[in-house]
Amino acid sequence: MKRAAALVCAAVASTVYLLAPAQPAQPAPAVLVTPPGLAAPAQKELAQQIVATAENGTLNWRAAYGYVEDIGDGQGYTAGLIGFCTGTHDLLTLVEDYTRAHPGNALARYLPALRRVDGTASHAGLDPGFPAAWRAESTVPAFRAAQDAERDRVYFDPAVHRGRADGLGALGQFIYYDALVFHGPGTGPTSFDGIRARAMQQARTPAQGGDEAAYLNAFLDARRRAMLTRHPGIDTSRVDTTQRRFLHEGNLDLRPPLQWQVYGETYRVP
């Protein structure tokens with residue numbers, strides 16, 4: 001909408017010059033167009049595929065809407081498209097927003113329990129029915145759309161926005177996105193902003209005049225440390241043999257063909 005408004009204003013200005021020819025028209029200033037990066041439709045689809053290999057072990061990210069499981073990470077149930085958790089508030093926010101728009105859905109009856117267990121690993125009030133209710137509701141197109149919207153609002157759109165502000169291309173924006181998905185927003189040492197702050201102590205962003213590859217290496221170093229701090233002994237292949245591989249290949253635009261490994265499995269996008 002802002003871009004459209006700018007075009008309208010430019011048209012009005014041209015009309016003024018035509019009505020007052022005594023004032024010579026000035027050449028229009030150059031307009032810098034920032035590439036869409038990860039927000040381009042094909043790149044966004046690719047980003048969902050790569051994240052799904054780490055979150056759900058598949059390139060078919062749309063198969064994950066109905067996923068629900070306690071993976072033993074201390075965050076309660078992990079569910080849905082991007083790994084919303086009953087213990088990390090994002091699942092509660094999703095169900096609350098969805099229920100406001102669609103009262104009487106299969107998950108609405110679990111809202112009191114979801115509020116009680118928020119921030120904990122507890123299943124109190126959720127067992128045994130919550131997983132089945134999640135799977136059932138995930139067949140409803142409106143709930144799938146709600147998962148898409150919450151993913152974009154909390155994780156994807158902020159990652160792209162922050163990445164572009166830092167001067168990063170599609171790979172850097174994806175690195176930010178995956179970090180937000182895994183670590184969540186926040187300023188703590190193992191949250192996204194804490195990781196970014198530590199990386200910026202080691203290297204300047206491209207927007208600050210730094211080298212993009214050097215900065216991304218620093219970010220991945222900081223992210224790997226944060227993963228191991230939060231979960232000692234965790235498999236870090238989503239960094240080591242996925243994102244670091246793309247970076248070492250010099251693929252800052254994240255263009256296929258791609259090959260990577262997560263948790264010992266090899267994936268390819270031709």
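# Close-up views of a predicted model

**View 1. The crossing of helices α8 and α9 is right-handed.** A crossing counts as right-handed if the near helix is turned clockwise from the far one by less than a right angle, and as left-handed if it is turned anticlockwise. Helices here are DSSP runs of H or I with at least four residues, strands are runs of E with at least two, and both are numbered from the N terminus. What you have in front of you is a predicted model, where local features need pLDDT of at least 70, side-chain atom pairs count only at pLDDT 80 or more, and totals for chains, interfaces and linings use all residues. Residues are numbered from 1 along each chain as its sequence is written, and side-chain values use heavy atoms, with hydrogens and water left out.

The two helices pack at an angle of about 135 degrees, with their axes 8 Å apart. (Axes are lines fitted to C-alpha atoms, for helices over the stretch in contact, and angles run from 0 to 180 degrees between N-to-C directions.) That makes α8 oblique to α9; angles under 35 degrees would be roughly parallel, over 145 roughly antiparallel, 65 to 115 roughly perpendicular, and the rest are oblique. Who touches whom? On the α8 side the contact (heavy atoms within 4.5 Å) includes Phe-192, Ile-195 and Met-200, and on the α9 side it includes Tyr-215, Phe-219 and Arg-223. By class, this contact has nine nonpolar, one polar and four charged residues. Ala, Val, Leu, Ile, Met, Phe, Trp, Tyr, Cys and Pro count as nonpolar, Asp, Glu, Lys and Arg as charged, and the others, Gly among them, as polar.

**View 2. Arg-223 sits in helix α9 and is buried.** Helix α9 covers residues 212-230. The relative accessible area of Arg-223 is 0%; buried means under 20%, exposed means over 50%, and partly exposed is in between, using a 1.4 Å probe and protein chains only. Leaving aside neighbours within four places in sequence, Arg-223 is in contact with Asp-178, Ala-179, Phe-182, His-183, Ile-195, Arg-238, Val-239 and Gln-243.

**View 3. Helix α7 packs against α8 and also against α2.** Start with α7 and α8 (residues 192-202), which pack at an angle of about 135 degrees with their axes 9 Å apart, so they are oblique to each other. Tyr-176, Ala-179, Leu-180 and His-183 of α7 meet Phe-192, Ile-195 and Arg-196 of α8. Sorted by class, those contact residues are five nonpolar, one polar and one charged.

Now look at α2 (residues 41-55) and α7 (residues 170-183): their angle is about 40 degrees and their axes are 11 Å apart. This pair is therefore oblique too, and α2 passes α7 in a right-handed crossing. Among the residues that meet here are Ala-47, Ile-50 and Val-51 in α2, and Phe-174, Tyr-177 and Val-181 in α7. The contact of α2 with α7 has seven nonpolar, two polar and two charged residues.

**View 4. Strands β4 and β5 make a hairpin with two residues between them.** Five bridges join β4 to β5 (residues 265-269), and the two run antiparallel; strands count as paired if DSSP finds at least two bridges between them. Gln-259 stands opposite Arg-268, and Gln-261 stands opposite Thr-266. In a regular strand the side chains alternate between the two faces of the sheet. Along β4 (residues 258-262), Leu-258, Trp-260 and Val-262 point to one face and are buried, while Gln-259 and Gln-261 point to the other and are not. In the loop between the strands comes Tyr-263. Tyr-263 has a positive phi of about 55 degrees although it is not a glycine, and it is partly exposed at 39% relative accessible area.

**View 5. The loop between α10 and β4 has a cis peptide bond and a residue with positive phi.** The cis bond joins Pro-256 and Pro-257, with omega about 5 degrees. Leu-254, in this loop too, has a positive phi of about 50 degrees without being a glycine. Is Leu-254 buried or exposed? Leu-254 counts as buried, at 0% relative accessibility.

**View 6. Strands β1, β2 and β3 form an open sheet, in that order, with antiparallel pairing.** β1 (68-69) and β3 (84-85) stand at the edges with a single partner strand each, so one side of each has no neighbour in the sheet. Two bridges join β2 (residues 78-79) to β3, and Thr-78 has Cys-85 as its bridge partner in β3.
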